[in-house]
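Below are some notes to read alongside the structure. Please keep the sequence and the 3D view open while going through them.

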Amino acid sequence: MTIKPLITTLLSALLATIPVASQNLLPKPQTFKANKGSFNINADKFKVTNLVGNDARNIYSTHVLDRHSLQAQHVVLLQHLANASSPEAYRLHITTDTLSISAASAVAFLRAWQTIAQLSTKHGIMACDIDDAPAYQWRSLMIDVSRHFFPISFLERQVDIMAQYKFNYLHLHLTDAAGWRIEIKRYPRLTNFAAWRPQASWKEWAANGHRYTYADSCNAYGGYYTQDQLRHLVAYAAQRGITIVPEIEMPGHSEEVLTAYPELSCTHQPYQQADFCPGSIATYDFLENVLSEVMDVFPSKYIHIGGDEAAKKSWGSCPLCQQMMRQLACDKDGLQAHLIAHMGRFLQRHGRQLVGWDEVIAANLPANTTVMVWRDTQYAHRALQHGYGVVLSPGAYCYLDAYQDAPHTQPEAIGGYLPLDKVYAYVPGADLPEAEQSKIIGIQGNLWCEYVPTEQHAEYMLYPRALAIAETAWNGTKTKNFADFRKRALAHTALLRQRGVNAFCLKHEYGERPASLRIARHKARGCKVVYNQPYNNQYRAQGQATLTDGSFGGWAFGDGRWQGFIGKDYCMDVTLDLGSMQNISYIATDFMQSCGPEIYFPAEYRVSISRDNTLFKEIYSNTYPIEETPTSEYRQLSWRGKACARYIRIKAKAAKGWVFADEIVVE
């Protein structure tokens with residue numbers, strides 16, 4: 001279902017159920033002053049004074065501009081906004097008989113009408129004065145259509161919603177191992193083979209060997225967008241002030257290409273490689289040919305080439321790659337930088353600009369490169385030092401594939417916990433020097449779809465969290481007020497749901513893990529912990545204080561309270577020193593399981609005690625079967641009894657992957 005752009009549905013009905021005084025504008029404008037009364041948008045005629053011509057005409061305004069009459073009582077004045085701070089800046093002056101819009105450009109008039117839509121009630125358009133402009137020039141969402149394929153109608157629907165909240169870019173992740181999603185006429189196997197797989201579920205496909213199939217095969221799942229379909233989508237989005245940015249992954253995440261065209265890999269064997277061979281001239285020819293067709297479809301000056309997570313596993317043994325590395329006097333990282341820079345120059349020659357994930361950062365990229373930082377801000381700092389544009393999209397705040405509420409209340413997700421308040425709390429570049437913060441050009445929310453199989457599920461994961469990104473991206477929110485934002489988000493979530501959008505029901509949010517909201521007081525709290533096996537520094541939490549600081553972890557393994565261990569056998573092996581001999585009746589350790597990121601409950605848990613830290617007596621041991629669970633789960637393994645000891649040794653054996661623990665309780 002596509003949301004109609006008609007004023008009667010998009011404007012008049014949008015906030016008809018919300019009292020005007022409640023001020024539910026989202027994103028919040030830079031300045032707002034309420035006036036008395038409302039302007040009757042349903043009048044038969046308007047006296048229209050249009051001083052800017054076609055700049056003022058758009059899908060939202062046409063119905064007003066076409067009802068001009070010199071005898072009308074209601075005045076619509078459209079004029080240029082001088083000395084604007086942004087091409088998207090606008091000013092509204094609305095009274096009971098006048099609707100005055102001053103805007104810096106055609107797109108600014110669009111933004112003004114998108115605000116007017118939210119000011120519309122059954123009584124008319126709320127009388128007010130607004131001065132507004134975006135805090136960031138790049139305000140975007142990314143939708144992954146490779147892992148699960150969504151039709152053009154779904155993307156149009158998201159464009160309509162995004163326009164309502166003043167996003168200006170939709171980034172489409174069109175290619176990845178799970179399926180190629182754009183028609184490339186020169187390479188038909190990309191769409192008659194690499195776009196299809198035997199299993200509909202990404203999870204089942206991954207578990208069954210990542211195989212592909214043909215479009216006409218029995219039970220084939222997948223699909224692709226024709227070039228004409230994408231041209232239509234581009235035009236549809238442009239009418240609403242949104243630019244579509246296509247992403248073609250390289251050199252990694254390319255298993256589907258390298259199975260369809262194995263000669264582009266280092267081994268020339270299907271189902272063997274994820275990375276293009278950057279030592280082969282055929283790779284460059286192929287990628288240039290693909291990008292040429294992509295540019296013919298997408299007029300966006302920005303073309304995303306991925307660049308993330310390339311394993312480079314065969315580059316060191318590939319004769320062509322070895323030869324290229326000798327010629328360039330570089331290592332494997334330098335070889336990737338060479339390929340990315342080559343593509344950047346190719347795009348530049350065609351009047352386009354390269355965008356890539358933060359792994360692309362190198363000194364030899366074109367000066368107009370834009371880097372999307374998905375890891376920590378040290379990469380933003382590095383990119384800015386090179387003079388590149390930076391769009392921030394950190395996984396901790398902007399990855400909308402994580403659980404947005406208590407995992408046991410939610411459909412399966414990849415793991416983690418990213419509630420609305422955490423998305424809203426994000427301050428772009430807060431840990432960068434002030435001079436660098438001002439150079440950040442935008443922020444982006446990402447919906448990766450490994451565990452998002454349907455259109456309904458995608459909307460459930462997007463909204464309302466995307467509204468928090470919209471608020472920060474447009475308003476800047478120098479002063480964060482979550483209580484105020486949540487009130488507005490509740491209203492907009494309810495309206496989205498009324499319009500058939502499958503948004504998460506914020507009103508019934510369960511919230512954070514209850515145990516994490518209290519401080520535990522027990523005999524081991526604050527005691528020294530010796531790590532017989534080290535924790536993994538990537539998930540160090542609070543270091544050596546973590547397991548006895550009285551703080552339990554929340555729903556997310558990356559919240560800074562869960563400590564991660566990885567390795568064979570007993571990867572978690574710690575000794576607690578209680579400081580003196582103590583009577584003990586209870587010892588327990590909290591563990592979590594999140595199978596997406598390969599975190600599992602221990603296969604074995606052992607507790608031993610000692611008086612002297614030399615001779616230990618085992619008082620508890622148990623083994624546990626490996627059980628895959630679709631959602632994150634939490635389990636306390638414990639011993640009860642009577643003992644006296646100063647030292648307690650806890651050992652947990654990895655089932656596979658990681659072991660995560662947050663607190664060892666002793667009573």
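How do the residues of the lining of the second largest pocket divide into nonpolar, polar and charged?

1. The model is predicted. In that model, the lining in question has 13 nonpolar residues, seven polar ones and three charged ones.

2. The pocket itself, the second largest, has a volume of about 480 Å³. It is lined by 23 residues, and those closest to its centre are Glu88, Val107, Asn168, Tyr169 and Thr243.

3. Three elements each give at least two residues to this lining: helix H3 (106-119), helix H7 (227-239) and strand S14 (243-250). The largest share belongs to H3, with three residues.

4. Strand S14 also belongs to a barrel. Eight strands close into that barrel, and the order to trace is S8-S9-S14-S15-S16-S17-S18-S19, with parallel pairing. On average, neighbouring strands of the sheet are turned by 30° against each other, direction ignored. As background, strands of a sheet are held in pairs through backbone hydrogen bonds, and the pairing can be parallel or antiparallel.

5. For one pair in detail, take strand S9 (residues 169-173) and S14: they pair in the parallel sense over five bridges. Which residue of S14 is the bridge partner of His173? The partner is Glu247.

6. Further along the chain, helix H12 (residues 378-385) lies across three strands, namely S17 (370-373), S18 (389-392) and S19 (440-447). The helix runs at about 160° to S18. S17, S18 and S19 are also listed among the strands of the barrel.

Notes. Residues are numbered from 1 along each chain as its sequence is written. This is a predicted model: local features need pLDDT of at least 70, side-chain atom pairs count only at pLDDT 80 or more; totals for chains, interfaces and linings use all residues. Side-chain values use heavy atoms; hydrogens and water are left out. On a 1 Å grid over the protein atoms alone, a cavity is a set of points where a 1.4 Å probe fits but cannot get out, and a pocket is an open set with protein on both sides within 12 Å along at least five of seven lines; lining residues have an atom within 4 Å of a point. Grid points are joined across faces, edges and corners, and a volume is the space filled by probe spheres set on the points. Helices (H or I, at least four residues) and strands (E, at least two) are DSSP runs, numbered from the N terminus. Ala, Val, Leu, Ile, Met, Phe, Trp, Tyr, Cys and Pro count as nonpolar, Asp, Glu, Lys and Arg as charged, and the others, Gly among them, as polar. Two strands pair if DSSP finds at least two bridges between them. Axes are lines fitted to C-alpha atoms, for helices over the stretch in contact, and angles run from 0 to 180 degrees between N-to-C directions. Contact means heavy atoms within 4.5 Å.
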